[in-house]
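Reader: Can you take me through this one? I'm a first-year, so keep the terms clear.

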Number of protein chains: 2
Amino acid sequence: MSTALTVNSYFNDKVKSIALDNKEGTSTVGVMAVGEYEFGTSQREYMTVVSGALMVKLPSSDSWKVFVKGDTFIVEANQSFQVNVKETTAYLCRYE
Amino acid sequence: MSTALTVNSYFNDKVKSIALDNKEGTSTVGVMAVGEYEFGTSQREYMTVVSGALMVKLPSSDSWKVFVKGDTFIVEANQSFQVNVKETTAYLCRYE
(Lines give C-alpha, C1' and ligand atoms only; values in the text may rest on other atoms or scores of the structure.)
Protein backbone atom coordinates (compact mmCIF):
# COMPACT_ATOMS: atom_id res chain seq x y z
CA MET A 1 0.00 0.00 0.00
CA SER A 2 1.34 3.43 -0.85
CA THR A 3 1.72 5.76 2.05
CA ALA A 4 3.05 8.66 -0.02
CA LEU A 5 1.49 11.95 1.02
CA THR A 6 0.60 14.35 -1.78
CA VAL A 7 1.29 18.06 -1.39
CA ASN A 8 -0.49 20.47 -3.72
CA SER A 9 0.29 24.11 -4.29
CA TYR A 10 -1.95 26.89 -5.63
CA PHE A 11 -1.84 30.64 -6.28
CA ASN A 12 1.95 30.88 -6.68
CA ASP A 13 2.56 28.77 -3.56
CA LYS A 14 0.42 31.04 -1.37
CA VAL A 15 -1.91 28.10 -0.66
CA LYS A 16 -0.54 24.62 0.00
CA SER A 17 -2.32 21.48 1.09
CA ILE A 18 -1.65 17.85 2.00
CA ALA A 19 -4.20 15.19 1.00
CA LEU A 20 -5.47 12.44 3.31
CA ASP A 21 -7.93 9.57 3.23
CA ASN A 22 -9.27 8.06 6.44
CA LYS A 23 -12.50 6.93 8.12
CA GLU A 24 -13.87 10.48 7.82
CA GLY A 25 -13.43 10.32 4.04
CA THR A 26 -11.21 12.33 1.70
CA SER A 27 -9.82 15.64 2.92
CA THR A 28 -6.98 18.06 2.53
CA VAL A 29 -5.35 19.99 5.32
CA GLY A 30 -3.63 23.16 4.24
CA VAL A 31 -2.45 26.68 4.84
CA MET A 32 -3.41 29.94 3.13
CA ALA A 33 -0.98 32.87 3.25
CA VAL A 34 -2.39 36.41 3.53
CA GLY A 35 -4.18 37.28 0.30
CA GLU A 36 -7.41 37.02 -1.68
CA TYR A 37 -8.39 33.86 -3.47
CA GLU A 38 -11.25 32.43 -5.49
CA PHE A 39 -11.77 28.68 -5.25
CA GLY A 40 -13.98 26.45 -7.36
CA THR A 41 -15.52 23.21 -6.09
CA SER A 42 -16.01 19.95 -7.96
CA GLN A 43 -17.55 18.21 -4.93
CA ARG A 44 -19.36 19.44 -1.84
CA GLU A 45 -16.72 20.85 0.51
CA TYR A 46 -16.82 21.15 4.30
CA MET A 47 -14.25 23.80 5.15
CA THR A 48 -13.16 24.07 8.78
CA VAL A 49 -10.80 26.73 10.14
CA VAL A 50 -8.03 24.98 12.12
CA SER A 51 -5.96 28.05 13.07
CA GLY A 52 -6.50 31.70 12.15
CA ALA A 53 -9.57 33.08 10.39
CA LEU A 54 -11.11 33.32 6.92
CA MET A 55 -13.32 36.07 5.51
CA VAL A 56 -15.55 34.27 3.03
CA LYS A 57 -18.07 35.33 0.41
CA LEU A 58 -20.18 32.23 -0.16
CA PRO A 59 -21.72 31.51 -3.61
CA SER A 60 -25.20 32.45 -2.40
CA SER A 61 -24.13 35.62 -0.63
CA ASP A 62 -23.28 39.22 -1.47
CA SER A 63 -21.61 39.85 1.87
CA TRP A 64 -18.46 38.68 3.61
CA LYS A 65 -18.62 36.52 6.71
CA VAL A 66 -15.76 35.76 9.10
CA PHE A 67 -15.09 32.16 10.14
CA VAL A 68 -12.71 31.61 13.05
CA LYS A 69 -10.96 28.58 14.51
CA GLY A 70 -13.40 25.70 14.84
CA ASP A 71 -16.00 27.17 12.47
CA THR A 72 -17.14 25.21 9.41
CA PHE A 73 -18.80 26.39 6.22
CA ILE A 74 -20.18 24.25 3.40
CA VAL A 75 -19.90 24.91 -0.33
CA GLU A 76 -21.89 22.81 -2.78
CA ALA A 77 -20.30 21.19 -5.86
CA ASN A 78 -19.58 23.27 -8.95
CA GLN A 79 -19.63 26.58 -7.14
CA SER A 80 -17.02 29.23 -6.62
CA PHE A 81 -16.38 31.17 -3.44
CA GLN A 82 -14.05 34.00 -2.49
CA VAL A 83 -11.73 34.05 0.50
CA ASN A 84 -9.96 37.06 2.00
CA VAL A 85 -7.18 35.97 4.36
CA LYS A 86 -5.93 38.61 6.82
CA GLU A 87 -3.60 36.30 8.79
CA THR A 88 -2.00 33.04 7.73
CA THR A 89 -4.66 30.39 8.27
CA ALA A 90 -4.77 26.60 8.47
CA TYR A 91 -7.86 24.74 7.29
CA LEU A 92 -9.31 21.27 6.87
CA CYS A 93 -11.33 20.70 3.68
CA ARG A 94 -13.43 17.53 3.63
CA TYR A 95 -14.95 16.41 0.32
CA GLU A 96 -18.23 14.58 -0.16
CA MET B 1 7.04 40.34 3.14
CA SER B 2 7.55 36.74 2.16
CA THR B 3 4.43 34.68 1.92
CA ALA B 4 6.21 31.46 0.94
CA LEU B 5 4.83 28.46 2.78
CA THR B 6 7.37 25.91 3.97
CA VAL B 7 6.62 22.20 3.64
CA ASN B 8 8.67 19.75 5.71
CA SER B 9 8.88 16.01 5.30
CA TYR B 10 9.89 13.36 7.84
CA PHE B 11 10.16 9.57 8.12
CA ASN B 12 10.61 8.92 4.39
CA ASP B 13 7.72 11.24 3.47
CA LYS B 14 5.27 9.43 5.78
CA VAL B 15 4.83 12.64 7.78
CA LYS B 16 4.54 16.02 6.07
CA SER B 17 3.74 19.41 7.50
CA ILE B 18 3.21 23.03 6.46
CA ALA B 19 4.43 25.82 8.76
CA LEU B 20 2.39 28.88 9.70
CA ASP B 21 2.71 31.97 11.86
CA ASN B 22 -0.37 33.90 12.96
CA LYS B 23 -1.98 35.51 16.02
CA GLU B 24 -2.07 32.11 17.73
CA GLY B 25 1.74 31.84 17.39
CA THR B 26 3.89 29.42 15.43
CA SER B 27 2.38 26.12 14.34
CA THR B 28 2.56 23.40 11.77
CA VAL B 29 -0.38 21.60 10.26
CA GLY B 30 0.43 18.18 8.90
CA VAL B 31 -0.51 14.64 8.02
CA MET B 32 0.85 11.34 9.34
CA ALA B 33 0.49 8.21 7.22
CA VAL B 34 -0.17 4.87 8.95
CA GLY B 35 2.93 3.86 10.91
CA GLU B 36 4.86 4.25 14.14
CA TYR B 37 6.95 7.31 14.86
CA GLU B 38 9.05 8.81 17.63
CA PHE B 39 9.17 12.59 17.78
CA GLY B 40 11.45 14.83 19.80
CA THR B 41 10.48 18.31 20.99
CA SER B 42 12.67 21.40 21.22
CA GLN B 43 9.81 23.58 22.51
CA ARG B 44 6.58 22.83 24.34
CA GLU B 45 4.13 21.41 21.79
CA TYR B 46 0.34 21.50 21.81
CA MET B 47 -0.74 18.70 19.49
CA THR B 48 -4.36 18.68 18.33
CA VAL B 49 -5.92 15.94 16.20
CA VAL B 50 -7.67 17.59 13.23
CA SER B 51 -8.88 14.43 11.43
CA GLY B 52 -8.34 10.79 12.34
CA ALA B 53 -6.80 9.54 15.58
CA LEU B 54 -3.39 9.12 17.23
CA MET B 55 -2.29 6.49 19.74
CA VAL B 56 0.31 8.25 21.85
CA LYS B 57 2.76 7.19 24.53
CA LEU B 58 3.61 10.40 26.35
CA PRO B 59 7.07 10.93 27.92
CA SER B 60 5.72 10.48 31.43
CA SER B 61 3.66 7.41 30.63
CA ASP B 62 4.16 3.67 30.15
CA SER B 63 0.80 3.22 28.46
CA TRP B 64 -0.75 4.24 25.17
CA LYS B 65 -3.64 6.69 25.03
CA VAL B 66 -5.88 7.40 22.05
CA PHE B 67 -6.54 11.00 20.99
CA VAL B 68 -9.33 11.59 18.49
CA LYS B 69 -10.46 14.56 16.42
CA GLY B 70 -10.55 17.68 18.56
CA ASP B 71 -8.38 16.25 21.35
CA THR B 72 -5.15 18.01 22.37
CA PHE B 73 -2.14 16.69 24.23
CA ILE B 74 0.86 18.67 25.47
CA VAL B 75 4.50 17.63 25.36
CA GLU B 76 7.12 19.67 27.20
CA ALA B 77 10.37 20.81 25.54
CA ASN B 78 13.26 18.38 25.11
CA GLN B 79 11.13 15.28 25.45
CA SER B 80 10.39 12.45 23.08
CA PHE B 81 7.05 10.77 22.54
CA GLN B 82 5.85 7.83 20.48
CA VAL B 83 2.91 7.85 18.10
CA ASN B 84 1.16 4.85 16.59
CA VAL B 85 -1.03 5.87 13.64
CA LYS B 86 -3.73 3.38 12.60
CA GLU B 87 -5.40 5.61 10.00
CA THR B 88 -4.00 8.59 8.12
CA THR B 89 -4.33 11.53 10.49
CA ALA B 90 -4.15 15.31 10.23
CA TYR B 91 -2.85 17.34 13.17
CA LEU B 92 -2.10 20.88 14.28
CA CYS B 93 1.09 21.34 16.32
CA ARG B 94 1.42 24.68 18.09
CA TYR B 95 4.80 25.61 19.57
CA GLU B 96 5.40 27.69 22.68
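Author: A term to start with: a salt bridge is a side-chain nitrogen of Lys or Arg within 4 Å of a carboxyl oxygen of Asp or Glu. Next, the ground rules. This is a predicted model, where local features need pLDDT of at least 70, side-chain atom pairs count only at pLDDT 80 or more, and totals for chains, interfaces and linings use all residues. Residues are numbered from 1 along each chain as its sequence is written, chains are lettered from A in the order in which they are written, and side-chain values use heavy atoms, with hydrogens and water left out.

Reader: How many salt bridges are there over all chains?

Author: The search of the whole structure finds 10. One of them pairs Glu96(A) with Arg44(A), with the closest N and O atoms 3.5 Å apart.

Reader: Why does that pair tie together parts of chain A?

Author: Glu96(A) lies in the segment after β10 of chain A and Arg44(A) in the loop between β4 and β5, so the pair links parts that are 52 residues apart in sequence. The β labels are strands, meaning DSSP runs of E with at least two residues, numbered from the N terminus.

Reader: Ok, new topic. How many salt bridges sit between chain A and chain B?

Author: The count there is 2. In one salt bridge, Lys69(B) meets Glu24(A) at 2.4 Å, N to O.

Reader: And which strands of chain A touch chain B?

Author: β2 (15-22), β3 (25-32), β5 (45-51) and β10 (89-95) each supply at least two residues of that side of chain A. The largest share, 8 residues, comes from β2(A).

Reader: How many residues does the contact take from each chain?

Author: It takes 28 from chain A and 29 from chain B, where contact means heavy atoms within 4.5 Å. The area buried between the chains is about 2400 Å², with 67% of that given by carbon and sulfur atoms. Buried area is the accessible area (1.4 Å probe) that two parts lose on being put together, summed over both.

Reader: What about the sheet, what order do the strands have?

Author: The open sheet of 4 strands runs β4-β9-β6-β7 in chain A, with antiparallel pairing. Two strands pair if DSSP finds at least two bridges between them. The edge strands, each pairing on one side only, are β4 (35-40) and β7 (65-68) of chain A.

Reader: And how many bridges join β6 and β9 of chain A?

Author: Strand β6 (residues 53-57) and strand β9 (residues 80-85) pair over 3 bridges. Met55(A) has Asn84(A) as its bridge partner in β9(A).
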